[in-house]
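Please open the model in your viewer and keep the sequence alongside, with a cartoon view to begin with and side chains ready to be switched on. The stops below are arranged so that each selection leads on to the next.

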Amino acid sequence: MKKPSIGFEWSYRDLLFTLMTAFMAMSVMALIITTKAQETKSINQGNILIELYWDINVVADVDLWIQAPNETPVGYSRKSGKTFNLLRDDLGKGKDTESRNQEIVVGRGLKEGEYIVNAHQFASIDGLPIECKIIVRLNRDDFSNIIATEKVTLTYNGDEKTVLRFSLDENGNVIPDSFNKVYKNLSGIQ
């Protein structure tokens with residue numbers, strides 16, 4: 001019987017060592033990537049977050065309009081201002097098959113003064129009244145607080161309603177008796 005060559009044993013050991021080293025390197029890389037992903041999730045999304053939702057089954061384009069104190073309103077035709085940015089102009093199910101029928105506006109800073117939140121029915125194929133839900137959140141460091149959840153019904157194309165007006169004091173706190181729904185046109189469309 002012939003003895004196996006010593007070269008084969010060393011080649012086999014080299015292969016195992018290389019595979020083990022590669023496996024350890026991939027494990028370390030996966031750990032680093034997971035840690036970076038967790039760090040990314042903790043980044044503050046903004047100090048004010050305003051969300052507008054409407055029924056996924058309704059073929060309609062509903063727009064969110066926001067005005068910060070002493071600033072120009074932000075909406076589909078003006079997507080950014082000093083305080084607010086519209087993240088996406090959702091055109092509704094008819095033009096976006098993956099739509100959630102949701103618009104989000106993010107604001108930086110908690111500026112003193114009055115904030116105005118409007119919902120505007122730009123166009124509806126269904127022609128039905130559209131019920132919308134608006135959520136307003138204030139974010140501070142690791143703390144998020146919903147200050148208002150409101151519903152509004154838009155009844156015709158071009159219908160714009162003030163869903164909420166509220167004021168913040170010099171420390172960025174909500175002034176409790178400042179909430180109202182007095183109409184102010186923000187879209188510029190009458």
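Two strands are taken to pair if DSSP finds at least two bridges between them. With that criterion in hand, select β5 and β8 in this predicted model: they run antiparallel and are joined by eight bridges. To find the register of this pairing, show G113, which stands opposite L168 in β8.

**The whole chain**

Before going further, zoom out to the full cartoon, in which the protein has one helix and eight strands, following the pattern α-β-β-β-β-β-β-β-β when read along the sequence. If you colour by accessibility, buried residues make up 38% of the 190 residues, while the protein exposes about 11900 Å², of which carbon and sulfur atoms supply 59%. Among contacts between residues at least 6 apart in sequence, 64% join residues at least 24 apart.

**The three-stranded sheet**

Now add β2 to the selection of β5 and β8, and you have an open sheet of three strands in the order β2-β5-β8, with antiparallel pairing. Because β2 and β8 (160-168) stand at the edges and each has a single partner strand, one side of each is left without a neighbour in the sheet. Looking across the sheet, you can follow a twist that averages 15° from one strand to the next.

**Strand β2**

Hide everything but β2 and strand β5 (residues 113-124), which pair in the antiparallel sense over eight bridges; here D63 stands opposite H120 in β5. Bring the remaining residues back as a surface and ask how many of the eight residues of β2 are buried. Eight of the eight are, so β2 is largely enclosed by the rest of the structure. In a regular strand the side chains alternate between the two faces of the sheet. For β2 both faces are covered, with A60, V62, L64 and I66 buried on one side and D61, D63, W65 and Q67 buried on the other.

**The nonpolar core**

Next, select I50, F84, C132 and I134, the residues with the most contacts inside the largest nonpolar core, which has 31 residues. Strands β1 (48-54), β2, β3, β5, β6 (130-140), β7 (143-154) and β8 each supply at least two residues of this core, and β6 gives the most, with five residues. In soluble globular proteins, nonpolar side chains tend to be buried together. Centre the view on C132 and display its surroundings: not counting residues up to four places away in sequence, C132 touches L52, Y53, W54, V62, E150, K151, V152 and L154.

**Two asparagines with positive phi**

The last stop concerns backbone geometry, for which it helps to recall that most residues other than glycine have a negative phi. Select N70, in the loop between β2 (60-67) and β3 (84-86), where phi is positive, at about 60°, although N70 is not a glycine. Then move to N101, in the loop between β3 and β4 (102-107), whose phi is near 50°, again a positive value in a residue other than glycine. With both in view, which is buried and which is exposed? N70 counts as exposed because its relative accessibility is 79%, over the 50% cut-off, whereas N101 is buried, with a relative accessible area of 0%.

Note on methods: Residues are numbered from 1 along each chain as its sequence is written. This is a predicted model: local features need pLDDT of at least 70, side-chain atom pairs count only at pLDDT 80 or more; totals for chains, interfaces and linings use all residues. Side-chain values use heavy atoms; hydrogens and water are left out. Helices (H or I, at least four residues) and strands (E, at least two) are DSSP runs, numbered from the N terminus. Buried means under 20% relative accessible area, exposed over 50%, partly exposed in between (1.4 Å probe, protein chains only). Contact means heavy atoms within 4.5 Å. Accessible areas come from the Shrake-Rupley method with a 1.4 Å probe; for residues, only the protein chains shown count as cover. Axes are lines fitted to C-alpha atoms, for helices over the stretch in contact, and angles run from 0 to 180 degrees between N-to-C directions. A nonpolar core is a set of buried Ala, Val, Leu, Ile, Met, Phe, Trp, Tyr and Cys residues joined through side-chain atoms within 4.5 Å.
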